[in-house]
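Student: I would like a close look at the interior of this protein. Please take the enclosed space and the packing in turn.

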Amino acid sequence: VSRYTSPSAVVYACLNSYNASQKLRVYDAGTWSERSTGLPAGARIRTVAQHQTNNNLAYAITNGMESVQKVFKTTNRGVNWRDITGNLPNIPITDLVTHPTDTNKLYLGSEFGCLRTTNGGINWVKWNNGMPKANLVSEMNYIDSLSSKNRFYIVAATYGRGIWMREISGEDPITVINN
């Protein structure tokens with residue numbers, strides 16, 4: 001599902017394929033196109049996270065441990081992808097959330113908790129304050145209250161450990177709510 005409405009809607013469809021030219025289809029300008037250029041051969045794409053306000057910008061993550069290249073960025077609706085894995089360890093990544101106003105800030109869910117980058121993927125750090133140590137994050141989302149309360153929250157769903165919400169302001173906030 002696209003975050004945008006026509007005529008600027010962009011829809012990313014991940015294919016369950018290892019074939020280098022059959023990983024991703026993108027619906028753009030009323031047609032479906034193959035857009036796997038720059039994505040790694042031998043790895044499947046798990047999901048694509050679209051930026052909240054820029055429909056040209058999206059991030060693809062690979063599935064499992066099939067590739068050491070995990071996170072890819074496009075600035076042209078998937079025509080080309082660039083690896084921004086940086087120092088991310090070879091762990092299964094499950095989901096990604098972008099910051100709405102700072103494209104250098106990204107938040108990842110993994111089978112080893114959460115990670116974040118503040119420099120566009122060059123360096124990734126653990127971002128688990130307040131969460132259990134063994135935390136398998138299955139999905140992530142966000143609550144954007146920047147315009148009304150100057151707050152942005154990351155919400156992480158886990159396998160058997162509940163749903164965790166964390167406000168992102170400050171260097172490394174500790175406030176976490178277990179629902």
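**The cavity and the cores**

Tutor: The model is predicted. By class, the lining of the largest cavity comprises nine nonpolar residues, one charged residue and no polar ones. Ten residues make up that lining, and those nearest the cavity centre are Cys114, Trp127, Met131, Ile154 and Arg166. Two strands, S13 (151-158) and S14 (163-167), each contribute at least two lining residues. The volume of the largest cavity is about 70 Å³, and the structure has one cavity of 30 Å³ or more.

Now the packing. The largest nonpolar core contains 14 residues, and Val71, Leu88, Leu96, Leu108 and Trp124 have the most contacts inside it. At least two residues of this core come from each of strand S5 (58-62), strand S8 (93-98) and strand S9 (106-110). A second core, separate from the largest one, has twelve residues, among them Trp127, Val137, Ala156 and Trp164. Trp127 is thus named both in this second core and among the residues nearest the centre of the largest cavity.

Within the largest core, Leu88 can be followed residue by residue. Beyond its neighbours within four places in sequence, Leu88 is in contact with Lys70, Val71, Ile93, Leu108, Leu115 and Trp124.

Strand S8 is mostly covered, with six of its six residues buried. S8 and S9 run antiparallel and are joined by five bridges. One pairing links two residues already named for the core: Leu96 has Leu108, in S9, as its bridge partner.

Terms used:
Residues numbered from 1 in each chain as written. Predicted model: local features only at pLDDT ≥ 70, side-chain atom pairs only at ≥ 80, totals over all residues. Heavy atoms only, no water. 1 Å grid on protein atoms, 1.4 Å probe; cavity = no way out; pocket = protein on both sides within 12 Å on 5 of 7 lines; lining within 4 Å. Points joined across faces, edges and corners; volume = space filled by probe spheres on them. Helix = DSSP H or I, 4+ residues; strand = E, 2+ residues; numbered from the N terminus. Nonpolar A, V, L, I, M, F, W, Y, C, P; charged D, E, K, R; others polar. Core = buried A, V, L, I, M, F, W, Y, C linked by side-chain atoms within 4.5 Å. Buried < 20%, exposed > 50% of the residue type's maximum accessible area, 1.4 Å probe, protein only. Contact = heavy atoms within 4.5 Å. Pairing = 2+ DSSP bridges.
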